[in-house]
Amino acid sequence: MAARPRRRPRVAVWKFASCDGCQLSLLDCEDELLAVAGAVDIAYFPEASSRMGRGPFDLSLVEGSVTTPHDVERIQRVRRLSRYLVTIGACATAGGIQALRNFRDVKEFIGVVYARADYIGTLARSSAISEHVPVDFELRGCPINKRQLLEVVSAFLAGRRPTVPAHSVCVECKLAGTVCVMVAQGTPCLGPVTHAGCGALCPRYRRGCYGCYGPMETPNTAALAAGWQRLGARRPELLRVFRSFNAGAEPFVLESRRHEEG
Amino acid sequence: MGTATRTIQVNYLARVEGEGALYVKVRGGQVQKVQLRIFEPPRFFEAFLRGRAFTEAPDIVARICGICPVAYQMSAVHALEDALGVRVGGALRLLRRLLYCGEWIESHTLHIYMLHAPDFLGYPDAVALARDQPEAVRRGLALKKAGNEIVARLGGREIHPINVRVGGFYRVPSRRELAPLEEQLKWAREAALETVKWVSKFPFPEMALDHELVALRHPEEYPMNEGRLVSTAGLDIAVADFAEHFVEEHVAHSNALHGLRRGGGIYLTGPMARFNLNRTQLPPLVQEAAREAGLDQGCRNPFHSIIVRSLEVLYACDEALRLIAAYEPPEAPAVELPPPAAGAVGHGCTEAPRGSLYHRYVFGPDGTLAEVRIVPPTSQNQRAIEDDLRRLVQARLDLPTERLRHECEQAIRNHDPCISCATHFLRLELDRE
């Protein structure tokens, strides 16, 4: 008698406030997509399928940040339905670019974009998923790297930790043999404090890293800010560079506050 | 099942980019209310761009949409260059058009194969479709990859490219770096022709739209980055006059502002509009494919938009090949920019895969951005989509609710709405008692 086939792990993809780019990374795995869909049961992925399966799920990939009262509730339900919960991208991991509201009055923001403030239900802060529920792994990047996404999915389904280095973009530059743009060209670069994962893309295109993968482990942001100042960067610029796609990540919040006016 | 009063409701629209719902209310055999409800949370880009350096705008606005970041970058750089009083031509203009071809190919192919074709063929998704038509789905994936390869090679990566700047690029490719794309694009052009043939045999519901169609028009080429805004009702304006002719309205059921012609008219932007207004600009190869697909006299059935999208993919593959053959690297990767003048205003409108995308920027006294306005295609198309649904439901009230719900969702996907873009989108609720 033939052995009963093993149940395929069930995967869900959830969206909160985001641009959809990180979940699109999964569909951008053109060479691997059908193999992945054969190995796992992509049971809930509304952007790609009208078959919306019910939980529980073995692995939930969560994109986006929490910005509405409804989403505060929804993430609790996602956690309850999921054996493993992995956040994908800067929004889910650090609040995303929309976390810029955390430094301002959200009512003022609503007034700039919308005519009727009373039609908009939104929270004063954009927050990372980990502020609301325990997260099993955070994959960085704005957007995430699709190779790293495949590694994370494979690792969780195999029951091991993903191999995703937490060192800086600098290390990736050295590995790629890219000439340092900051030292050689005097181009300000966030590479020394930014989490690896992109493959040191910007320096390869002769521009400084702008930090879209967020802070590396133990970043020395103050020393880097001083280096930028030696290259002529002034306060408002330093404030802005630490307040972009990972504005809500703690080390970048602290560094940016040091460059506030007044 | 009664047809007099009922509610059709879709609480979470699948296979669209972003979060939306649909609510339709029918009373006494008449469709009373159609609402495309966009509950995607707002992210306030126009607000937090205030006070940022203009040089940061192309990277920031890309994050409005992971599916069409190039469109946001292109509208931004053109608007900002307009404010600075510089023009970017020659090889840099060519490279921007090539980058846009890449995005049209990947975005349209994603929609054709993964989001829309399953509707016509009765599958929940492309993975299920691949079990019965593996060659078709593999062709779609490889075609999408060819588009993504252009974006990745020129832009650094597929999503949120890092190589676009105001004035040009950070680094431009050599001819040799572009050469490997040629082989892939020649294959892609054949695959795109196959795609036109494949989709033009789908079963299409009958429907004719009479919305005013709005798109860019350029004297020498099928529009992407430049041109005047023209319409089927005789509009012909410079991009800078956008605000005089179009308004946005805030409604309670949507976190996306609704675009309207000033005076209240519904209009539609996107591939249907571009094709109907500009098809004579398409090269013979694409015109011939359009003729074989039965669209040589234009196209008014929104369900045929999947054919139009596949014609545009064919065009973008062909155009990309032409551009690569014509490319000679420029002397500098970007033009020099003057300092921003306080109060200077710039407008830009480019053709995103989903339609015209308008940006306007004003510089403040310290050279940072003082005012920003972004009008994405999906906001502009919401009323036209609601209007399509109203007519579809009214004409098919005899259908069972489940079937009607399916057709409504398919009709929404005709316009490839990008809800992430529009909030600055979908659940179907059909309310019939």
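This short presentation covers a cavity and a sheet in the structure shown above.

Good morning. Please keep in mind that this is a predicted model.

I begin with the largest cavity. The space within it amounts to about 120 Å³. Its lining is made up of 20 residues. Which of them lie nearest its centre? They are Cys19(A), Cys22(A), Cys91(A) and Cys142(A), together with His160(B). Two elements of chain A, namely α1 (21-27) and α4 (90-94), give two or more residues to this lining. The most comes from α4(A), which provides 3 residues. Sorted by class, the lining holds 4 charged, 7 polar and 9 nonpolar residues.

I now turn to chain B and its sheet. Here 4 strands form an open sheet with mixed pairing, and their order is β8-β7-β6-β11. As general background, the strands of a sheet pair through backbone hydrogen bonds, in either a parallel or an antiparallel manner. Why is one side of β8 (236-237) and of β11 (267-268) in chain B left without a neighbour in the sheet? These strands stand at the edges and each has a single partner strand, so one side of each has no neighbour there.

Strand β6 of chain B, residues 212-217, pairs with strand β7 of chain B, residues 228-231; the sense is antiparallel, and the pairing runs over 4 bridges. Within this pair, Ala215(B) has Val230(B) in β7(B) as its bridge partner.

Finally, a helix packs on this sheet: α9 of chain B, residues 271-278, which touches β6, β7 and β11 of chain B. The direction of α9 makes about 70 degrees with that of β6(B).

Thank you for your attention.

How values were computed:
Residues numbered from 1 in each chain as written. Chains lettered and ligands numbered in written order. Predicted model: local features only at pLDDT ≥ 70, side-chain atom pairs only at ≥ 80, totals over all residues. Heavy atoms only, no water. 1 Å grid on protein atoms, 1.4 Å probe; cavity = no way out; pocket = protein on both sides within 12 Å on 5 of 7 lines; lining within 4 Å. Points joined across faces, edges and corners; volume = space filled by probe spheres on them. Nonpolar A, V, L, I, M, F, W, Y, C, P; charged D, E, K, R; others polar. Pairing = 2+ DSSP bridges. Contact = heavy atoms within 4.5 Å. Axes fitted to C-alpha atoms, helices over the stretch in contact; angles between N-to-C directions.
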